[in-house]
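Here's a walk through one protein chain, from its overall layout down to its side-chain pairs. Have the viewer open as you read.

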Amino acid sequence: MEPRAVITERTSGRLDWAYLLHAHGVEVIGLQDHRRGPVVPWSTDPRGQFTDAPATWRLDAPLPILSRPGPAAAVSARSTSARVRSAPAPAAGMPAASLLAAPASPGRGL
């Protein structure tokens with residue numbers, strides 16, 4: 001069995017994406033372009049298509065959703081994402097376990 005990987009500021013330089021879990025959704029951060037990212041609400045249909053261009057995952061822009069699976073899912077995700085942009089920055093000393101980082105792209109859905 002392989003040991004669990006521990007990601008720290010020192011070892012995260014080669015990662016492209018980080019995912020920060022919040023009670024209201026997943027914050028998606030394109031690490032090469034931003035220090036914070038928009039929150040994708042848990043109610044967002046995971047069958048939707050998201051862009052994997054890191055520059056589009058900005059706090060001041062709508063969620064970069066390319067297509068949605070159906071009208072009902074689109075209305076639900078749009079109404080929720082308009083209210084939720086991002087959570088405040090984590091407090092100093094917050095455990096690193098709440099930050100999930102991976103080289104994978106979010107473009108294939110969440």
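## Layout of the chain

Helices (H or I, at least four residues) and strands (E, at least two) are taken here as DSSP runs, numbered from the N terminus. Keep in mind that this is a predicted model. Read along the sequence, the pattern is β-β-β-β-β-α-β, and the chain has one helix and six strands.

Of the chain's 110 residues, 35% count as buried. The exposed surface comes to about 7,100 Å², with carbon and sulfur atoms supplying 59% of it. As for contacts with a separation of 6 or more, 47% are between residues 24 or more positions apart.

## Strands S1, S2 and S3

Start with strand S1, residues 17-22, and strand S2, residues 25-30. A hairpin through two residues joins S1 to S2. The two strands run antiparallel, with six bridges between them. If you want a spot to find that pairing, look at tryptophan 17: its bridge partner in S2 is glycine 30.

S2 also pairs with strand S3 (residues 39-41), again in the antiparallel sense, over three bridges. Here valine 26 stands opposite valine 40 in S3. How many of the residues of S2 are buried? Six of its six are, so to speak, under cover: the strand is mostly covered.

Histidine 22 lies in S1. Histidine 22 is buried, because its relative accessible area is 15% and the cut-off for buried is under 20%. The C-alpha atoms of histidine 22 and valine 39 are separated by 8.3 Å, and the two residues are 17 residues apart along the chain.

## The nonpolar core and its aromatics

Which residues make up the largest nonpolar core? There are nine: Trp17, Tyr19, Val26, Val28, Val40, Phe50, Trp57, Leu63 and Ile65. The elements giving two or more residues to this core are S1 and S2.

Aromatic rings count as a pair if their centres lie within 6.5 Å. By this rule there are two aromatic pairs. In one of them, the rings of tryptophan 17 and tryptophan 57 have their centres 6.3 Å apart and their planes at 85 degrees, so this pair is edge-to-face. Tryptophan 17 lies in S1, while tryptophan 57 lies in the loop between strand S4 (49-50) and strand S5 (65-67), so the pair ties together parts that are 40 residues apart in sequence.

Are these two tryptophans buried or exposed? Tryptophan 17 is buried, at 3% relative accessible area, and tryptophan 57 is buried too, at 0%. Trp17, Phe50 and Trp57 form one aromatic cluster.

## Salt bridges

A search of the whole structure turns up three salt bridges. One links arginine 36 with glutamate 27, and the closest N and O atoms are 2.8 Å apart. Glutamate 27 is a charged residue to look at in the viewer: it is buried, with a relative accessible area of 0%.

Aspartate 45 forms a salt bridge with arginine 47, where the closest N and O atoms are 2.6 Å apart. Aspartate 45 is buried, with a relative accessible area of 14%, whereas arginine 47 is exposed, at 61%.

Then there's arginine 58, which forms a salt bridge with aspartate 60, the closest N and O atoms being 2.8 Å apart. Arginine 58 is partly exposed, at 34% relative accessible area, and aspartate 60 is exposed, at 64%.

## The loop between S4 and S5

Back to the loop that holds tryptophan 57, between S4 and S5. Aspartate 52 is found in this loop as well. Why does aspartate 52 count as partly exposed? Its relative accessibility is 36%, and partly exposed covers the range between the 20% and 50% cut-offs. The C-alpha atoms of aspartate 52 and proline 64 are separated by 8.6 Å, with their positions 12 residues apart along the chain counted as the separation.

Key
Residues are numbered from 1 along each chain as its sequence is written. This is a predicted model: local features need pLDDT of at least 70, side-chain atom pairs count only at pLDDT 80 or more; totals for chains, interfaces and linings use all residues. Side-chain values use heavy atoms; hydrogens and water are left out. Rings of Phe, Tyr and Trp (its six-membered ring) pair if their centres lie within 6.5 Å; planes under 30 degrees apart count as stacked, over 60 as edge-to-face and the rest as tilted. Buried means under 20% relative accessible area, exposed over 50%, partly exposed in between (1.4 Å probe, protein chains only). A nonpolar core is a set of buried Ala, Val, Leu, Ile, Met, Phe, Trp, Tyr and Cys residues joined through side-chain atoms within 4.5 Å. Two strands pair if DSSP finds at least two bridges between them. A salt bridge is a side-chain nitrogen of Lys or Arg within 4 Å of a carboxyl oxygen of Asp or Glu. Contact means heavy atoms within 4.5 Å. Accessible areas come from the Shrake-Rupley method with a 1.4 Å probe; for residues, only the protein chains shown count as cover.
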